[in-house]
Amino acid sequence: MEEKILMDLLYQSMQDSAREARLSLGRPSSSATREEALQQVAMLKAAKEAAQPIGRDKA
C-alpha cells in the first residue's frame, strides 16, 4: 500500500510541475471541454476516412 501512495504522490508532483512549467512559459492549460473533445474526435475520424483509398472494404 505504501508503494501505491508513493506512486500517487510522484504522479501528482509531476502534474504540478508540468502545470507550473506551462504557466511560466505563458501557455494556457491544455484542458478541453467534453464537447470540444468530441468535436476533435469526430474531425479526426472524418480525416481518417477521407484518407483511406476509395473502394477499400472497412473491417
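Analyst: The expected span of a helix is 1.5 Å times one less than its number of residues. This is a predicted model, in which local features need pLDDT of at least 70, side-chain atom pairs count only at pLDDT 80 or more, and totals for chains, interfaces and linings use all residues. Residues are numbered from 1 along each chain as its sequence is written, and side-chain values use heavy atoms, with hydrogens and water left out.

User: How do you know whether the length of helix 1 agrees with the expected span?

Analyst: Helix 1 has 23 residues, which should span 33 Å at 1.5 Å a residue; its end C-alpha atoms are 33 Å apart, so the two values agree. Helices (H or I, at least four residues) and strands (E, at least two) are DSSP runs numbered from the N terminus. The protein has two helices and zero strands. Just after helix 1, Gly26 adopts a positive phi of about 80°.

User: What makes the pair Asp8 and Lys4 a salt bridge?

Analyst: A salt bridge requires a side-chain nitrogen of Lys or Arg within 4 Å of a carboxyl oxygen of Asp or Glu. The closest N and O atoms of Asp8 and Lys4 are 3.0 Å apart, so the pair qualifies. The two residues are four apart in helix 1, and therefore about one helical turn separates them.

User: How many salt bridges does the structure hold, and why does Arg19 with Asp16 count as one?

Analyst: There are two. Arg19 and Asp16 bring their closest N and O atoms to 2.9 Å, so they also meet the criterion. Because they lie three residues apart in helix 1, about one helical turn separates them.

User: Why are the partners in these bridges called buried, partly exposed or exposed?

Analyst: Buried means under 20% relative accessible area, exposed over 50%, and partly exposed in between (1.4 Å probe, protein chains only). Asp8 at 42%, Lys4 at 49%, Arg19 at 41% and Asp16 at 29% therefore count as partly exposed. Of the 59 residues in the protein, 0% are buried.

User: What makes Met1 exposed or buried, and to which patch does this residue belong?

Analyst: Met1, in the segment before helix 1 (2-24), has 77% relative accessibility and so counts as exposed. Together with Ile5 and Leu9, Met1 makes a nonpolar surface patch of about 380 Å². Patches take residues with over 30% relative accessible area and no salt bridge, joining like charges within 9 Å and nonpolar side chains (Val, Leu, Ile, Met, Phe, Trp, Tyr) within 5 Å. Across the protein, about 6000 Å² is exposed, with carbon and sulfur atoms supplying 58% of it; accessible areas come from the Shrake-Rupley method with a 1.4 Å probe, and for residues only the protein chains shown count as cover.

User: Why is Ser24 called exposed or buried?

Analyst: Ser24, found in helix 1, has a relative accessible area of 63% and is therefore exposed. A polar atom of the Ser24 side chain lies 2.8 Å from the backbone oxygen of Ala21.

Conventions: A polar contact is a pair of N or O atoms within 3.5 Å; within protein, one must be able to donate a hydrogen and the other to accept it, and residues adjacent in sequence count only if both atoms are side-chain atoms.
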